[in-house]
Amino acid sequence: MNLLHFFSAHRMEILQSTGEHLWLVVISMLLAIAAGIPLGIAVTRKPWLSKPILGSANVAETIPSLALFGFLLPVPWLGARADRLAIVALALYALLPIIRNTIAGIQGVDPNVRESARAMGMTDSQILFRVEMPLSLPVLLAGIRIATVWTVGIATIAAAVGAGGLGEFIFRGLAMVDNRVILAGAIPAAILALLADIILGLFERRLRHAR
């Protein structure tokens with residue numbers, strides 16, 4: 001049975017695993033965005049937070065994925081369900097580029113624009129949400145794009161803790177020494193990463209042209 005026949009025969013299983021993979025990526029990215037943007041904003045307001053926040057995100061980034069799953073496994077609420085464990089681990093990996101680009105985007109706003117807004121009587125929160133955040137959106141979206149592509153790839157490791165996704169095909173294929181099974185997980189994962197990069201890249205370019 002060649003690769004095309006294998007894909008055809010197992011299409012429903014591949015689609016189900018692709019759906020599980022997307023679910024893990026989307027939920028973990030929503031968590032990372034919800035945490036990363038406020039952390040980045042906090043650093044721009046209180047620079048002394050830079051070392052603890054960026055340092056912690058850097059540490060999480062350097063820990064190998066399987067080791068991070070192992071560190072989180074004993075945590076009571078997380079270890080009880082594999083999908084929770086995988087989502088939190090993936091969110092931790094996605095934090096760094098989102099935090100960095102939030103900081104870079106806000107700090108990259110023209111100081112004259114900021115001063116003009118202040119001269120108009122805007123408060124700090126108004127300057128943040130009406131001036132700085134809209135102007136920094138392209139840079140912020142670039143960080144989200146990088147984090148999403150990373151997360152799609154790292155999510156294949158989630159199968160090692162029973163969280164499902166396309167990694168199940170990869171691990172199963174490695175155990176069986178069957179390239180068709182490996183590619184049944186690797187090819188859809190690569191396509192998802194490319195689509196995420198292309199779609200978010202288009203949004204990023206549109207925002208840059210709209211500025």
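**Entry 1, the pocket lining.** I began with the largest pocket and sorted its lining by class, which gave ten nonpolar residues, one polar residue and no charged residues. The model I am reading is a predicted one, and I put the volume of this pocket at about 180 Å³. I then listed the residues that line the largest pocket: Leu-22, Val-25, Val-26, Met-29, Leu-30, Ile-33, Ile-144, Thr-148, Val-152, Leu-192 and Ala-196. Looking up where the lining comes from, I noted that the elements giving two or more residues to it are α2 (11–45), α8 (124–154) and α10 (179–210). Of the elements, α2 gives the most to this lining, with six residues.

**Entry 2, α2 against α9.** Since α2 had come up in the pocket, I followed this helix to its contact with α9. Which residues meet there? On the α2 side I found Glu-13, Ile-14, Ser-17 and His-21, and on the α9 side Gly-167, Phe-169 and Arg-172. I divided the residues of this contact by class as well, and they come out as two nonpolar, three polar and two charged. For the geometry, I noted that the axes of α2 and helix α9 (residues 167–176) come within 9 Å and cross at roughly 120°. An angle from 65 to 115 degrees would have counted as roughly perpendicular and one over 145 as roughly antiparallel, so I recorded α2 and α9 as oblique to each other.

**Entry 3, the chain as a whole.** I counted ten helices and zero strands in the chain, and from the N terminus on I therefore wrote the order of elements as α-α-α-α-α-α-α-α-α-α. The C-alpha trace spans about 70 × 40 × 20 Å along its principal axes.

**Entry 4, confidence.** How high is the mean pLDDT of the chain? I read a value of 89, with 97% of the residues reaching 70 or more. Among the elements of the chain, α2 has the highest mean pLDDT, 94, whereas helix α5 (residues 76–79) has the lowest, 68.

Terms used:
Residues numbered from 1 in each chain as written. Predicted model: local features only at pLDDT ≥ 70, side-chain atom pairs only at ≥ 80, totals over all residues. Heavy atoms only, no water. 1 Å grid on protein atoms, 1.4 Å probe; cavity = no way out; pocket = protein on both sides within 12 Å on 5 of 7 lines; lining within 4 Å. Points joined across faces, edges and corners; volume = space filled by probe spheres on them. Helix = DSSP H or I, 4+ residues; strand = E, 2+ residues; numbered from the N terminus. Nonpolar A, V, L, I, M, F, W, Y, C, P; charged D, E, K, R; others polar. Axes fitted to C-alpha atoms, helices over the stretch in contact; angles between N-to-C directions. Parallel < 35°, antiparallel > 145°, perpendicular 65-115°, else oblique. Contact = heavy atoms within 4.5 Å. pLDDT = per-residue confidence, 0-100.
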